[in-house]
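Trainee: Could you walk me through this protein one question at a time? I would like to see how each answer is reasoned out.

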Amino acid sequence: MYAIVEMAGQQFKVAKDQKVYVHRLQTEEGKKVTFDNVLLLDDGKNVTIGAPAIDGAAVEAKVIKHLRGDKVIVFHKKRRKGYRKKNGHRQSLTEIVIESIVASGSKKAAPKKEAAPKKAAAPKVEAKKAAPKKAAASKPDDLKKVEGIGPKIAETLIAAGISTFADLAKTKSEKISEIIADVRGNHVTDTWPAQAKLAAEGKWDELKKWQDELDGGKPA
């Protein structure tokens with residue numbers, strides 16, 4: 001049996017006793033964690049596909065240890081502008097081992113069986129519709145599309161609760177500077193909220209034209 005499940009914002013194909021490296025989890029080492037956003041199940045005979053998730057299915061795992069991945073070099077260059085920037089990044093990861101794949105019987109399945117005979121069908125439909133919306137709202141934007149923001153800064157902003165262009169547009173540049181104070185380098189945040197506002201409004205052409213005039217987030 002194997003399953004395709006979403007864990008820490010990524011999708012994995014997993015089987016029992018398999019070790020998986022995911023983005024850093026808040027669960028302590030040695031503790032168990034359950035992932036209930038199962039998108040597909042294959043028990044060897046039947047394949048079940050969720051819409052988008054399978055009700056009652058879950059993947060149970062145990063946290064082995066927290067670690068950091070290999071260093072990745074990120075190099076930015078703009079030709080004919082003399083702009084070069086080199087950053088190193090090591091992703092924070094968590095090693096887990098898959099202990100079991102539950103096809104049915106999770107906590108989500110029980111209320112539906114009890115509510116079916118009652119006149120609670122309408123609330124159940126609303127709950128189903130609400131779940132995907134929450135998942136979509138929580139998906140972070142690619143903040144690196146803002147001139148001057150690299151992978152480390154993007155990771156730091158997301159950790160501080162600024163995960164979308166709209167969040168960044170509402171944050172004052174002084175506050176942004178405080179949040180990224182521990183990130184090495186000289187970062188000018190004056191234009192970041194305005195750039196994020198254009199990105200949030202989908203004005204990519206206008207943003208790109210402006211970014212061609214910027215150097216590391218500040219006027220060239």
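Below, a trainee asks and a mentor answers, going from the overall make-up to single residues.

Trainee: Happy to start broadly: how many helices and strands does the protein have?

Mentor: Keep in mind that this is a predicted model. Of its 220 residues, 32% are buried. About 14200 Å² is exposed, and carbon and sulfur atoms supply 51% of that area. As for the elements, the count is seven helices and 12 strands.

Trainee: Among contacts between residues at least 6 apart in sequence, what share joins residues at least 24 apart?

Mentor: One example of a distant pairing is the salt bridge between lysine 78 and glutamate 147, which ties together parts that are 69 residues apart in sequence. For contacts between residues at least 6 apart, the share that joins residues at least 24 apart is 59%.

Trainee: Which strands stand at the edges of the open four-stranded sheet?

Mentor: Let's read the sheet across. The order is β2-β1-β5-β6, with antiparallel pairing. A strand with a single partner has one side left without a neighbour in the sheet, and that applies to β2 (10-15) and β6 (47-49). The twist from one strand to the next averages 20°. The edge strands are therefore β2 and β6.

Trainee: Which residue of β2 stands opposite methionine 7?

Mentor: Strand β1 covers residues 2-7 and pairs with β2 over six bridges, in the antiparallel sense. Methionine 7 thus belongs to the pairing described for these strands, and the residue facing it in β2 is glutamine 10.

Trainee: How many bridges join β7 to β10?

Mentor: Strand β7 (residues 58-68) pairs with β4 (residues 32-35) in the antiparallel sense over four bridges, and lysine 32 has lysine 62 of β7 as its bridge partner. Strand β10 (residues 92-102) also runs antiparallel to β7, with threonine 94 in β10 as the bridge partner of histidine 66. Between β7 and β10 the number of bridges is 10.

Trainee: Which residues have the most contacts inside the largest nonpolar core?

Mentor: This core has 20 residues, and β1, β2, β3 (19-23), β4, β5 (38-42), β7 and β10 each supply at least two of them. Leaving aside neighbours within four places in sequence, valine 14 is in contact with residues including Tyr2, Val20, Val59 and Ile98. Another core lies apart from it and has 17 residues, among them Leu143, Ile176, Ala199 and Leu207. In the largest core, the residues with the most contacts are Met7, Val14 and Ile96.

Trainee: Is glutamate 147, the salt-bridge partner of lysine 78, buried or exposed?

Mentor: The closest N and O atoms of this pair are 3.0 Å apart. Lysine 78 lies in strand β8 (residues 72-78), while glutamate 147 is in the loop between α2 (121-138) and α3 (151-159). Buried means under 20% relative accessible area. Glutamate 147 has 8% relative accessibility, so the answer is buried.

Trainee: Which residue meets both lysine 197 and lysine 203 in salt bridges?

Mentor: For lysine 197 the N to O distance is 2.6 Å, and for lysine 203 it is 3.2 Å. Lysine 197 is partly exposed at 45%, and lysine 203 is partly exposed at 37%. Their shared partner is partly exposed too, with a relative accessible area of 41%. That partner is glutamate 201.

Trainee: Where does the cis peptide bond lie?

Mentor: Most peptide bonds are trans. Here, omega is near 0° for one bond whose proline, proline 52, lies in the loop between β6 and β7. The cis bond runs from alanine 51 to proline 52.

Trainee: What is the phi of arginine 80?

Mentor: Most residues other than glycine have a negative phi. Aspartate 17, in the loop between β2 and β3, has a positive phi of about 70°, and at 56% relative accessibility it counts as exposed. Arginine 80 lies in the loop between β8 and β9 (83-89) and is exposed at 74% relative accessibility. The phi of arginine 80 is also positive, near 65°.

Note on methods: Residues numbered from 1 in each chain as written. Predicted model: local features only at pLDDT ≥ 70, side-chain atom pairs only at ≥ 80, totals over all residues. Heavy atoms only, no water. Pairing = 2+ DSSP bridges. Helix = DSSP H or I, 4+ residues; strand = E, 2+ residues; numbered from the N terminus. Axes fitted to C-alpha atoms, helices over the stretch in contact; angles between N-to-C directions. Salt bridge = Lys/Arg side-chain N within 4 Å of Asp/Glu carboxyl O. Buried < 20%, exposed > 50% of the residue type's maximum accessible area, 1.4 Å probe, protein only. Contact = heavy atoms within 4.5 Å. Areas by Shrake-Rupley, 256 points an atom, 1.4 Å probe, with all protein chains shown as cover. Core = buried A, V, L, I, M, F, W, Y, C linked by side-chain atoms within 4.5 Å.
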